[in-house]
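Please open the model in your viewer and keep the sequence panel beside it, since this tour moves from one selection to the next.

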Amino acid sequence: MATTTTTSVFDRLADWQRDVRGEFPILARQPDRIYLDSAATAQKPGAVLDAVTEFLTTINANVGRGSYPWATATGGRIEAARDSVRRALDDRSTESSVEFVGGTSHGLRTVAQDWLAELLEDGDEIIVPFGDHQANLRPWLDLRDDLARRGRTVRVVAMPVDAASGDYDHRALPSVVTARTRFVAVTHVHHVFGADMNVHRIREAVGPEVAICLDAAQSVGHRPVSVADLDVDFVVFSGHKMFALPGVGAVWARNRRGPRFAVRGWAGTPNTAGIISVAAAFDWLDKTGLSEIQAWNTALCARLTDELSRLRGIQVLGCQNSLTASSPVQRRESIVTFRHERVRSDDLGFVLADAGIMVRADSHCQAGRDARDLAVRVSVQAYNTPEEIDRLLEVVRRCEGMAS
């Protein structure tokens, strides 16, 4: 049963959502399939596919390798894509830079190896999240080990987490910040709990001199992201999670703390088609409306969590205070993850797949988790409907018979 709030969102945006869904060819060709795995990768709207096709069939050339018209036009498109990233992130500065990378994992590792390694000295400290995606933990641990082999000792400190909500504990954070703290890695929206991690509180907690790197893989393309409001030094995201092609992402750098960010070494040929797709995806998002996307996705997640919280034997992961319709705290954004106390999550994943419903059922690459921590992750996007959520809930309810 939908709450008054979610019903009003669905009513207000019904025509908008119908138009949005119609822009995705893969869904039009397979209307009986329900895709609820957009946190892994989003489907692609026709506008993005058309932009890539137009580029590849009109001016495709290697950037920076020739002075003929196709090559220079390709170079212009790449620079325009950098500007698209800046506009999308509400960047009002003049010192920032944008580097295209292979994705969020590659981008975070690039920040670690090509920037942070130069900043850190023997005895320095960094604070990193030990309960987020592996991609936002392994690069910093690997850097610590690399520096140790070079004779520099860097201490890695765990980001404090509130046990009840799963959110960063900004009240406890100042107690782990010292005069040697140089860097903090954080996540914008958690890839398992679907929660805004309130990174706007991090700057005040760590002080004005510490660099902050934001993993925005689950926020860019899902909600407005403003670096004018978030005093972070890096924003890293993947193209394929925000309606662009796989194999491309970006690192936005503020360039006000520490050395200026630059990718080291010989860059080689960039993923030009992927970069074109990022610019096209941002154009599509601007036309479609990120505020509407966020409102729609939050309403879908509220519909799902409201109903799951009524089912016996279901544990929704993350903050439990956000499950009720009258909750005064934030709802989940695009992602809901849960377990059934008597049906294995991987078995439930197979049951849902047999019903034409695609979700992710594993440990979700969460740091500190393994096969014993399997859970079902439902991740929505603007092309999903309330009826698809209801179909998933029907299957979950039927699993009571399986478990008895």
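Helices and strands are named here as DSSP runs numbered from the N terminus, a helix (H or I) having at least four residues and a strand (E) at least two. This is a predicted model, in which local features need pLDDT of at least 70 and side-chain atom pairs count only at pLDDT 80 or more, while totals for chains, interfaces and linings use all residues. Residues are numbered from 1 along each chain as its sequence is written, and side-chain values use heavy atoms, with hydrogens and water left out.

**First stop: Arg77**

Select Arg77, which is found in helix H5 (residues 69-88). Is Arg77 buried or partly exposed? With a relative accessible area of 26%, Arg77 is partly exposed, where buried means under 20% relative accessible area, exposed means over 50% and partly exposed lies in between, using a 1.4 Å probe and protein chains only. Show the residues in contact with Arg77 (heavy atoms within 4.5 Å): leaving aside neighbours within four places in sequence, they are Ala51, Glu54, Phe55, Ile59 and Ile276. Then add Ala279, which is 202 residues from Arg77 in sequence but 8.8 Å from Arg77 in space, C-alpha to C-alpha.

**Second stop: the open sheet**

Colour the strands of the open sheet next, which has seven strands in the order S2-S8-S7-S6-S5-S3-S4 with mixed pairing; two strands pair if DSSP finds at least two bridges between them. Strands of a sheet pair through backbone hydrogen bonds, either parallel or antiparallel. At the edges stand strand S2 (97-101) and strand S4 (155-158), and because each has a single partner strand, one side of each is left without a neighbour in the sheet. From one strand to the next the twist averages 20°, with axes fitted as lines to C-alpha atoms (for helices over the stretch in contact) and angles running from 0 to 180 degrees between N-to-C directions.

Within this sheet, select strand S3 (residues 125-128) and strand S5 (residues 181-187), which run parallel and are joined by three bridges; Glu125 stands opposite Thr181 in S5. Now display helix H6, which packs on the sheet and touches S2, S3, S5, strand S6 (211-215), S7 and S8, its direction making about 155° with that of S7.

**Third stop: aromatic rings**

How many aromatic pairs does a search of the whole structure find? The search finds twelve, counting rings of Phe, Tyr and Trp (its six-membered ring) whose centres lie within 6.5 Å, with planes under 30 degrees apart called stacked, over 60 edge-to-face and the rest tilted. Select Phe24 and Phe243, a tilted pair with 5.9 Å centre to centre and 50° between the planes. Phe24 lies in the loop between H2 and helix H3 (25-29) and Phe243 in the loop between strand S7 (234-238) and strand S8 (249-253), so the pair ties together parts that are 219 residues apart in sequence. Phe24 is buried at a relative accessible area of 0%, and Phe243 also counts as buried at 0%.

Move on to Trp115 and Phe234, whose ring centres are 4.8 Å apart with planes at 75°, so this pair is edge-to-face. Trp115 lies in helix H6 (residues 104-119) and Phe234 in strand S7, so the pair ties together parts that are 119 residues apart in sequence. Trp115 is buried at 1% relative accessible area, and Phe234 is buried at 3%. Ring pairs link both of these residues with Trp140, Phe183 and Phe261 into a cluster.

**Fourth stop: Gln43**

Return to Phe24 and Phe243 and add Gln43, which touches both of them as well as Ile26, Tyr35 and Tyr383, not counting residues up to four places away in sequence. Gln43 is found in the loop between strand S1 (34-35) and helix H4 (46-56), and is buried with a relative accessible area of 14%.

**Last stop: strand S13**

Finally, select strand S13 (residues 375-379), which is mostly covered, five of its five residues being buried. Ala375, Arg377 and Ser379 point one way from S13, whereas Val376 and Val378 point the other way. Strand S10 (residues 335-340) runs antiparallel to S13 and is joined to S13 by four bridges, with Val336 standing opposite Val378. Strand S12 (residues 360-362) is also antiparallel to S13, through three bridges, and here Ala361 stands opposite Val376.
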